[in-house]
Amino acid sequence: APVPARRAEHRRAVARFWRQHRVEPELREQCVVPAEEYERFVTALEQALAEHQQREQERIQQIAADIREAERRQRETVREALQVEIVLFFLNCTQLQTEAELCVGPSVCSALAGPGRDTPQDAEQPGPSGMQAGPDLAWMESGQTLTFIGHQESEGKGNVHTGAKPPWLIEEEEEEGTKKEIGPSYEEFLRQKEKQKLKKLPAERVGANFDHTSQTSDSWLPSFGRVWNHGRRWQSRHQFRNESGEKKKK
Amino acid sequence: MSFLLPKLASKREVDLAIKSVAEKVLVLRFGRDSDAVCLQLDDILAKTAHDLSKMAVIYLVDVNKVPVYTQYFDISYIPSTVFFFNGQHMKVDYGSPDHTKFVGSFKTKQDFIDLIEVIYRGAMRGKLIVRSPIDPKNIPKYDLLYQGI
């Protein structure tokens, strides 16, 4: 019912348009889309829409299936890894608790893990810690090989986990009789202030780069422009040394 | 004497003074403590030393004790005063023939103070030779003879 009404209104609007713009009848025919063609368009449109929705639906379902498959594979791998760790745990428990043998542990583990397995089992704490960490363990260590330095046996002293006293608060024993101060001493502070004052002096001043602390020999002579000299100052020194040399020979 | 001036008695001590005095004018008076003009000069040096302490360090050197430097600096008249800055010899044009040292005594304390100021400022600007501010009338006259000729 609403469709025919719209169509009638549309026809009336079109007629008004023709009248307003004084369009020739021949032109009018060319502008109007025939009804059959319009019907054809509508059905084609509906069909295309249905097809598109169908395709989208299929795509989404495919993605969901892929995700489920990936999850399944992950769970499989973790289960297998845990089975290996259980085996190793029993192995370690039956061995003696020495560091050397504990270091063998990881190598045994990697030997098992190596061939034909792409699981990264490089976490160097096989045994109880592995069990507790759960499925997260293997993924974090992928690609890195850490050096195992042995289980830290504290033998009753306690550590950070048990809340023992930290080493820097233990003051009973003093090493090296004299207590050395940390940081610069007062003299160094004064020297630093002098250095800063030096920096404020003009850089082009005479002897700015003079090394005041240089060790010189007994025969050292300062840079002095002598009286009966022509030429540069270093020549005065040469001349003086020559003159003294001559006098000594006499 | 308000200020007792320090003395240098050997080449080693003079070397040490030249090398170690930093960022101040080093004044080396070459002469003899008993000489009349030296006494005059030493008096002026002693009285101005305190006021000039931020710009200058003053030492007295006995010419008999450092023959090497007496020859090297061509000291033929006493007192002769040589100026250094950061190990570098500072020359001054007094209007007299010898720019390498100041020969004789100063007329007034102010003359010496002005001279030190001029040397200090010149050194800060990188000049190895400066012009003396002292009136040429007040500069002692002497003949500069080449090796006694």
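Which side chains meet in a salt bridge with 3.7 Å from N to O? They are the side chains of Glu194(A) and Lys197(A), shown in the first of these close-ups of a predicted model.

**View 1. Glu194(A) and Lys197(A) pair within helix 7 of chain A.** The two residues sit three positions apart, about one turn of the helix, which covers residues 186-200. Their salt bridge has an N to O distance of 3.7 Å. Glu194(A) has a relative accessible area of 46% and is therefore partly exposed, because the partly exposed class ends at 50%. Lys197(A), with 52% relative accessibility, counts as exposed.

**View 2. A salt bridge joins Glu23(B) to Arg205(A).** Here the closest N and O atoms are 2.5 Å apart. Glu23(B) belongs to the loop between helix 1 (11-20) and strand 2 (25-31) of chain B, while Arg205(A) belongs to the loop between helix 7 and helix 8 (233-249) of chain A, so this pair joins two chains. Buried or exposed, what are these two partners? Both Glu23(B) and Arg205(A) are buried.

**View 3. Lys11(B) and Asp15(B) form a salt bridge in helix 1 of chain B.** The closest N and O atoms of this pair lie 2.8 Å apart. Four residues separate the partners along the chain, about one turn of the helix. Asp15(B) has 5% relative accessibility and so counts as buried. Lys11(B) counts as buried too, at 16% relative accessibility, because the cut-off for buried is under 20%.

**View 4. Four residues of chain B share a network of salt bridges.** Have a look at how Lys7(B), Arg29(B), Asp33(B) and Asp42(B) are linked. As a reminder of the chemistry, side chains of opposite charge can pair when their charged atoms come close. Over all chains, the structure holds 18 salt bridges.

**View 5. Ser132(B) is a buried residue in the segment after strand 7 of chain B.** Strand 7 spans residues 129-131, and Ser132(B) has a relative accessible area of 9%. A polar atom of the Ser132(B) side chain lies 3.0 Å from the backbone nitrogen of Ile134(B). Which residues is Ser132(B) in contact with, leaving aside its neighbours within four places in sequence? They are Val92(B), Asp93(B), Tyr94(B), Leu115(B) and Ile139(B).

Notes: Residues numbered from 1 in each chain as written. Chains lettered and ligands numbered in written order. Predicted model: local features only at pLDDT ≥ 70, side-chain atom pairs only at ≥ 80, totals over all residues. Heavy atoms only, no water. Buried < 20%, exposed > 50% of the residue type's maximum accessible area, 1.4 Å probe, protein only. Polar contact = N/O pair within 3.5 Å; in protein donor to acceptor, adjacent residues only side chain to side chain. Contact = heavy atoms within 4.5 Å.
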